[in-house]
Amino acid sequence: MKKIFRVFMMLIVFVSFLTMPLLCLAGENTTGHGVKTERKKEEVKEKEKETTQLKEVVVTATRTETPIEQISNSVTVITGEEIEKKGCATVYDALKGVPGLYMDQWGGPGNYSYARMRGGQDRHIKLLVNGMSVSDQGAQSTTHHFDLLNFLSTGDIERIEIVRGPESALYGSDAISGVINIITKKGKGEPESFVRSEVGSMDTSRISAGHNGATGGFSYNFTVSQDKTDGVLANSEFENKMASTRLGYRFNPDTELDLAIQYTDSHVNQACEYKTSTFKLYDDPRDYRDGQLLFQNIVFRQKLASFWEHRITLGYDKIKKQRDDPDDGVLDANDNYNDIWRSFDSTSTTKKAAWQNIFFLGQIDTITAGVDYEDVDAESDSLTASGRKIFNESVQTTSAYLQNQLLLLDEALSLTIGARIDDHSVFGDQTTYKMGVAYLLKQWGTKCKANYGTGFLAPSLFKLYDQVYGNPDLQPEESRSWDVGFEQQLFGEKVVLEVTYFDNNFKNLIVYDSATKSYFNSENAESHGIELGMRFNILDDLSASVVYTYTRGKENEKDLAYVPENSGNLDITYSPGPFEFGVGLYYVGDRLTSGQKEENRMDSYTLVNLSASYQVNRFINLFGRVENLFDKQYAPALPSWYAPGISGYAGVKVTF
């Protein structure tokens, strides 16, 4: 803690030294000609601000609002409107098709989900909600956000920002392969309400409602939703309820307070037992898993001077998981396979505090400096035929970070360099850094970019302290990564091409030893590949996008598991008048699965999805979609864990 404090004080002194000349200049311009000059500067700034607002802006890549053209990272933004059009009920559904990100699911809706970005492990992705980290430290799993992508509803999402590449220099642990930031809706404009209802295959029903608006300095958004489906397998029902609110108050143009709260309650029947040797499924009528997720954070933003803005954030999240799998006797007489009974109850609570300072040194330099504090408590109680396991532990992390964004050559050249030190109460200090460069050839519509950075992952409390599997001597996983690429605009921005090559090296990976029944640091791994994307907007009412990802790598001297070498998707949208039609093609190549064995290699598959909507008037919108049009039988993750076949859905949204 003392070391972090000393580092942060050094950062503040450094920034103060840089800003002193600006303070002196500000003091000289207090009367007469100085006042007029300042007014002209303010007018210029306002015009520049209006121009900047027309550009696409992202927050996650730099922790500050930055035009995407000045960012060296590979970034994908998914809007709430796009999520709604595709009918995505969960965040897991919304993330399918993102370049460099492979998603799969062990069974139907609500069952175990998995994500790997650029060949990294599922646990190497940092999950944020409104910029604050969310993790389940008590889960019996390899990832800190186990199943959260599958349980998080989409009804209140404004946008999802996905940043690929190492981001530990800004966000600390977990951000090895990238960051997913879920940003909820904020109130704006005239008061407006909506009700949305949808029904479809597998006895699916979805209903959501909300109210949004702003008056004076007060803004508000309220959303509730409920999703229900029977799933793919017998007895595999899934239900997800969500309530969310985001409130804001602007005291004056320079001071704002923002509060966001979301609660989700989920229930799923996994409905199956399976043999790890054959992956054969057996229908289990009672294998229930429940989860309650509470996320909330409050942010106070204030502009202290023309060159200095600070933000104070307080966050709290609580994640509860329960699993109850009674013994239902013989599930298969031919194999003489008996049900395995178990119960599990875990709670992970995280309290967070952050202070971020942003210094604007003229128009060309932005310095971001801050401190983060996180206190995590986790407890679990697991009961099986082999005995009972209980643990209740906590860990604290204090961090300081510094980042400099520099614009040169008439804002054509963007340089970003940052570093962070994390003081973990178990294994001590961890230092990470990142450098990025982006260069715009404006006359050619070309952007060249490159990044190099390090990352780390702290072991979860379960891996450290579980009575059977835990190992308190575990050390952090570490990585070194780089990427290089370009973006090219053609035909006056009607076609945009983006190509990126990435290369990752991981060490000290934490693995599970079935012989000793414990975790330990052992493996090194590497991955590399190419991300390619093209967007077409040739006609006003016709647009299309193509995404392709090539990924190769090794872990434990074998090919990557759960990562297809080739994957991609094509989306076409045609919008004549009040109608909108969409066609989506989603391709996943063959890939290894459990044990990295060839006999467990999964076949490739291609899905075709259709969607349509009709805006009857300004109040009523009718919509429908067909998924897996050609009824492709496929298993995303494991043999016999089949996904839904052809399915159809239809609904109506009323806005008033």
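# A walk through the model, starting at leucine 461

Start by selecting leucine 461: at 1% relative accessibility, leucine 461 counts as buried, because buried means under 20%. Before you go on, keep in mind that this is a predicted model. Leucine 461 is found in helix H7.

Which residues does leucine 461 touch, leaving out those up to four places away in sequence? Show Gln137, Val376, Asp377, Ala378, Phe391, Glu393, Ser394, Val395 and Asp466, and you have the list. Now add asparagine 471, which is 10 residues further apart along the chain from leucine 461; their C-alpha atoms are separated by 9.7 Å.

**Zoom out**

Show the whole protein for a moment. You're looking at 7 helices and 36 strands. Of the 656 residues, 50% are buried. Take the contacts between residues at least 6 apart in sequence: 61% of these join residues at least 24 apart. As for the outside, the protein exposes about 29,300 Å², and carbon and sulfur atoms supply 56% of that area.

**Stop one: the largest cavity**

Rolling a probe the size of a water molecule over the atoms shows where empty space is left. How many cavities of 30 Å³ or more does the count give? The count comes to 9.

Go to the largest cavity, with a volume of about 440 Å³. To centre your view, select Lys126, Ser133, Tyr171, Glu374 and Arg420, which lie nearest the centre of this cavity among its 32 lining residues. Next, colour the elements that give two or more residues to this lining:

- strands E6 (125-129) and E7 (132-133)
- strands E21 (342-361), E22 (365-384), E23 (387-408) and E24 (413-424)
- helix H7 (461-465), where you met leucine 461

E22 supplies the largest share of the lining, 4 residues. If you colour the lining of the largest cavity by residue type, you'll get 13 nonpolar, 11 polar and 8 charged.

**Stop two: the second largest cavity**

The second largest cavity has a volume of about 150 Å³. Select Ala61, Asn73, Gln403, Thr416 and Lys434 to find it: of the 19 residues that line this cavity, these are the closest to its centre. Helix H6 (168-171), E23, E24 and strand E25 (428-441) each supply at least two residues of this lining. Which element gives the most to the lining of the second largest cavity? That's E24, with 4 residues. By type, the residues lining the second largest cavity divide into 8 nonpolar, 9 polar and 2 charged.

**Stop three: a hairpin and a neighbour**

Select residues 288-305 (strand E17) and residues 308-325 (strand E18). E17 and E18 form a hairpin with 2 residues between them, and they pair in the antiparallel sense over 17 bridges. For one example of a bridge, click valine 299 and look across to its partner in E18, threonine 313.

Strands of a sheet pair through backbone hydrogen bonds, either parallel or antiparallel. Now bring in E21: E18 and E21 run antiparallel and are joined by 18 bridges. Try lysine 318 here; threonine 349 in E21 stands opposite.

**Stop four: an open sheet**

Next, show the open sheet of 5 strands, with the order E3-E8-E9-E6-E7 and mixed pairing. Which strands stand at the edges? Strand E3 (74-79) and E7 do; each has a single partner strand, so one side of each is left without a neighbour in the sheet. You've already coloured E6 and E7 as part of the lining of the largest cavity.

Elsewhere in this sheet, select strand E8 (residues 157-164) and strand E9 (residues 178-184), which run antiparallel and are joined by 7 bridges. Click isoleucine 157, and you'll find threonine 184 of E9 opposite.

**Last stop: two loop residues with positive phi**

Finish with a pair of backbone oddities. First, arginine 63, in the loop between strand E1 (57-58) and strand E2 (66-67). Its phi is near 65°, a positive value in a residue other than glycine. Is arginine 63 buried or exposed? Arginine 63 counts as buried, because its relative accessibility is 12% and the cut-off for buried is under 20%.

Then jump to glutamate 411, in the loop between E23 and E24. Phi of glutamate 411 is also near 65°, again positive in a residue other than glycine. With a relative accessible area of 33%, glutamate 411 is partly exposed.

Notes
Residues numbered from 1 in each chain as written. Predicted model: local features only at pLDDT ≥ 70, side-chain atom pairs only at ≥ 80, totals over all residues. Heavy atoms only, no water. 1 Å grid on protein atoms, 1.4 Å probe; cavity = no way out; pocket = protein on both sides within 12 Å on 5 of 7 lines; lining within 4 Å. Points joined across faces, edges and corners; volume = space filled by probe spheres on them. Nonpolar A, V, L, I, M, F, W, Y, C, P; charged D, E, K, R; others polar. Pairing = 2+ DSSP bridges. Buried < 20%, exposed > 50% of the residue type's maximum accessible area, 1.4 Å probe, protein only. Contact = heavy atoms within 4.5 Å. Areas by Shrake-Rupley, 256 points an atom, 1.4 Å probe, with all protein chains shown as cover.
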